[in-house]
Each structure stands twice: as C-alpha cells, then as structure tokens.
Protein chains: 4
Amino acid sequence: MEFNSDKAIYLQIADYICDQIQMKKWKSNEKIPSVRELAVILEVNPNTVMRAYDHLQQQEIIYTKRGMGYFVNEHSSAKILKERKDQFLKEELPAIFRRMQMLGINSNELLSQLDYFNKTNV
Amino acid sequence: MEFNSDKAIYLQIADYICDQIQMKKWKSNEKIPSVRELAVILEVNPNTVMRAYDHLQQQEIIYTKRGMGYFVNEHSSAKILKERKDQFLKEELPAIFRRMQMLGINSNELLSQLDYFNKTNV
Amino acid sequence: MEFNSDKAIYLQIADYICDQIQMKKWKSNEKIPSVRELAVILEVNPNTVMRAYDHLQQQEIIYTKRGMGYFVNEHSSAKILKERKDQFLKEELPAIFRRMQMLGINSNELLSQLDYFNKTNV
Amino acid sequence: MEFNSDKAIYLQIADYICDQIQMKKWKSNEKIPSVRELAVILEVNPNTVMRAYDHLQQQEIIYTKRGMGYFVNEHSSAKILKERKDQFLKEELPAIFRRMQMLGINSNELLSQLDYFNKTNV
DNA sequence: GTGGTCTAGACCACC
DNA sequence: GTGGTCTAGACCACA
C-alpha cells in the first residue's frame, strides 16, 4: 500500500479498513488482522496500526476482545456508507459547486467531464 | 474569517487573497492591505499573514516595493483563474467522480444536487 | 454473565465464585463445577476459568483433588466475608467519602440515595 | 506526582487535568501547560502527556490552537463536575450499596464510618 | 498469540 | 516556541 504524504498514515490505514468493511470484505463480528500482522503487511510500525484501530474503535466501527483481537461491529458497513455519503452530499459537493461558480464552469461542461471520465475508466 | 483546521491558516489566507484578485476586487498594480492591517482584520498573528504574502510573492502573484507594501502583479487575475481551472479539471473533478463511483451516486443524482444548489444560492 | 471490561475476566469469575461460597450456595468441602462446565456456562475460554481457580487456590479458598475436581475449603465463607468487609471499610468507603467531599455531596444526600436504593431493590 | 500502577498513566494525567479545571485553577479559554512542559514536570514521556491531551480533546474538555498550545473549553468545569456526579450517583453508589447488603452493613454503620472519616480528615 | 502502555528520540509543519 | 506523527523497541496482562 502506498501512503499519501499529506494525510497522516494512521488515518489512511483507518480509511483502508473502512473500505474493506464498506465493501463487506470484512464482515460483521469477523476478526480483522491483528495489529502486528497488519503492521507487517503495510510495512508500518505496529503503533501506527494501533492508532488507526483506536481511532475506529472510538467511532464504534470496530471493537476489541481482550487477548483475542479486533472485530467488526454490527452495521458498520451501512454506517460507513451513510456517513461517507452524507459528508459527500453536504460538504464536498457544495464546495465543488461553489468552485464551479467561481471558475465559470457550467453543468454542460461538468457532464462532458463526467462522460470523459467514464470512458477512460472502464 | 473562519479557518478550517485541516489546512494551514496561511494557505487559507493566501486563498482569500487570490479570491480578491481573481474577482478583481484588488486590481493589477494596486496596493493590497499591509501585513498588520490584514492581521487585524482576520484576527490572526502578523507572522501568519506575512507567510501568506511570502508564499504569493514566490508564485509571482504579488510583488513588494520596499517601504511601500505589497502590490498585485500584472495578469495575476487571469493566471489564478487558469491555474485554478486546470487543477479543478485535472485533480478535483476526477477525485469527485471516483468518490461518486464508490458511493453509488450516478449522474442524475449529481445533476439534481446541482439544481438544488443553484436554487438555494441565488 | 456479563463482564466488565475494566477488570480482568478471570478476576470477575473468581469474584463470582466467591459470591457463591459466601452465600453458601457452594458449601465447605463440596465439589464446585469443573473448569469445562463453568466455561460453558459462562461462555468463556476454559483457560480463563482455570486461571480463576488457580487464583482462588493460591488464596486457599478452594483446593483440588487430582482427578476429582475443585472443592470449597473449610471456613472459606467466613474468610471471604471477613476479607471483603475489611477491604470495604478500609479502602472502598474512604475512597467514596473522599469522592463525596470533592463532589460536594453531604451525608443527607447520601442517606436519601440509600433510601431510594432500598425502596427500588426490595 | 505519584502514579498508581493499576491505571494507565495517561488516564491519571487526564484526571489530574480535570481536577485542575473542575477546581477552576485552570479557567475557560486559558492556556494549559504545553505537552513538553508538563512532561518535564511530571517526569513522563511527552507522548504520554500528548495522549492525555488527545483523550481530553476528544471529550471536548480542551481544544487546540495550532502552534499555540492547548486551551480549556468553555463550560468544561461544570461539565466535568456534572459527569463525575452522575457517574458517582448512578454507578458508584449503587455498587457500594449492593456491597453493603451482601456484607450485612446497615446505614447506622455507614454513618458511623462517615463520622469517623470526617473527624480524621479535618 | 492478542491488545495496551510507555519510553526515547526523531522529524515536520505551523505560529 | 507549539502540536502532531512516526519509528523502534520494550514490557505487561490477558486468553
């Protein structure tokens, strides 16, 4: 996995885990990789993975059983999808639209860009 | 002015200045507010404003005359517009489109959101 | 049985066993459930129950006969009661009183809470 | 400061900070010691202090201004007092009362212990 | 084996 | 100066 340098690694790991859960690759009440395991896979310090897990536990995405590992919470998949969609519609899109206004880009241009994107990303 | 905590304040100030220039509120070869003036207005440490000015000077958006202050470069407005548009089309839009794919949002939903935005931002 | 996450499970199991002995549900020289039995009942790993039994054996609350199981020691009930009372008076109560001081709770409020507790726990 | 070994140091530090805030030694919107400063004072690793601050920030007890330090949130003092009192009345006291029932301690004995405590802690 | 805590020391961006 | 992140390595209790 490659890490982007303008976002904390532990947050990128948390995002990666959310991706897996949202796509149901890791299901409800299923054990996720141990801290050390994932640290080896991602070539990262165990503390960094730990921090990502901690972060997700506070959001109740995952939970821990002592001595046994971390597990996916019930309904986390739907919860993640919902929160991401909310954030997208309420914050990211409006920001984009404001930007379009400022730059004088209209909806036609937007659609043609979308068409182009879809063609080149089959 | 409110600052977003996930972007450096001096960069947000630089953005703000670019906004003014792009919208031609501050015109070519016109003096812009002094570091101290702007610091008072934005309720920010003068060092932070200084850093924003520095940043913009390196990009040749503004220039300084010793003892007189900072001034807007010729053609800065067009330059800013062009750079912003480029970045928007090459980076921001594709990121948004990728996001839409992942969240299962199609072009119809995008358009309806845009309609809604336009109606509520007259 | 529900376990509190801020105390080791094996200690909570040991407490549970002490409860039974103190209340004389499990009497002197009587056999207590086997490790496996109790593990099934409490939905816990047998190792964890084993550890609780080990702990209690060191305190001479229970003893083992090879091949036969674990048994309650003579006088364990009284011993447990005495030790618990001691700890309660010397450590738990003073801690509570210190807490009350800090929170500005006086003896009247304490008594009214006790009244309320007694009424709702008949 | 002495640390108790049966609770994480960073939580004890967080408690200590809450004490200061509750007692209004550190007031609303006032700067609290920097991570490094407190680390030196408490003879602890800066990371450990950082973790305590992080913990309190998530509970909105304190907040951070980049490059400037940590500050006490508005109303944190009252909030801490309220939460501690709630926890005391709803969890700690009932546990104590249950314990009293089990140990055969009545309200008279409780009061005499409280008297004794008050005399010896003037 | 698992999580959890802690230290020591480093580097970075920001104010 | 400030916070924030990351690494390396250690130790502990728990299952």
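This report walks through the aromatic pairs, the DNA contacts and the chain symmetry of a predicted model.

## Ground rules

In this predicted model, local features need pLDDT of at least 70 and side-chain atom pairs count only at pLDDT 80 or more, while totals for chains, interfaces and linings use all residues. Residues are numbered from 1 along each chain as its sequence is written, chains are lettered from A and ligands numbered from 1 in the order in which they are written, and side-chain values use heavy atoms, with hydrogens and water left out.

## How two copies relate

Let's start with chains A and B. A turn of 176° and a shift of 0.5 Å along the axis lay chain B on chain A with an RMSD of 0.8 Å (least-squares superposition on the C-alpha atoms of residues with pLDDT of at least 70 in both copies). The two copies are thus related as by a two-fold rotation axis. Within chain B, the residue closest to that axis is Ile96(B), with its C-alpha at 4.0 Å.

## Aromatic rings

Across all chains, the structure holds 16 aromatic pairs. Rings of Phe, Tyr and Trp (its six-membered ring) pair if their centres lie within 6.5 Å; planes under 30 degrees apart are called stacked, over 60 edge-to-face and the rest tilted. Phe97(C) and Phe117(D) make a tilted pair, because their ring centres are 5.3 Å apart and their planes meet at 50°. This pair crosses between chains, joining helix α4 (residues 76-103) of chain C to helix α5 (residues 107-120) of chain D; helices here are DSSP runs of H or I with at least four residues, strands are runs of E with at least two, and both are numbered from the N terminus. Phe97(C) is buried at 4% relative accessibility, and Phe117(D) is buried at 9% (buried is under 20% relative accessible area, exposed over 50%, partly exposed in between, with a 1.4 Å probe and protein chains only).

Tyr63(D) and Phe71(D) are stacked, since their centres lie 5.8 Å apart with planes at 20°. Tyr63(D) is partly exposed at 23%, whereas Phe71(D) is buried at 9%.

## Around DNA strand E

A residue is near a strand if one of its heavy atoms lies within 4 Å of it. DNA strand E has 25 residues around it, and those that come nearest are Tyr70(A), Ile9(D), Asn47(D), Thr48(D) and Arg51(D). Sugar and phosphate make up 67% of the strand E atoms within 4 Å of the protein.

For polar contacts, the test is a pair of N or O atoms within 3.5 Å; within protein, one must be able to donate a hydrogen and the other to accept it, and residues adjacent in sequence count only if both atoms are side-chain atoms. A backbone N or O atom of Ile9(D) sits 2.2 Å from a phosphate oxygen of strand E, and an N or O atom in the side chain of Arg51(D) is 2.6 Å from a phosphate oxygen of this strand. Helix α3(D) gives the largest share of the surface near strand E, 3 residues.

## Around DNA strand F

DNA strand F is surrounded by 26 residues, with Ile9(A), Asn47(A), Thr48(A), Arg51(A) and Tyr70(D) the closest. Of its atoms within 4 Å of the protein, 71% belong to sugar or phosphate and the rest to bases.

Chain D reaches both kinds of group. A backbone N or O atom of Val35(D) is 3.1 Å from a phosphate oxygen of strand F, while a side-chain N or O atom of Asn47(D) is 3.4 Å from a base nitrogen.
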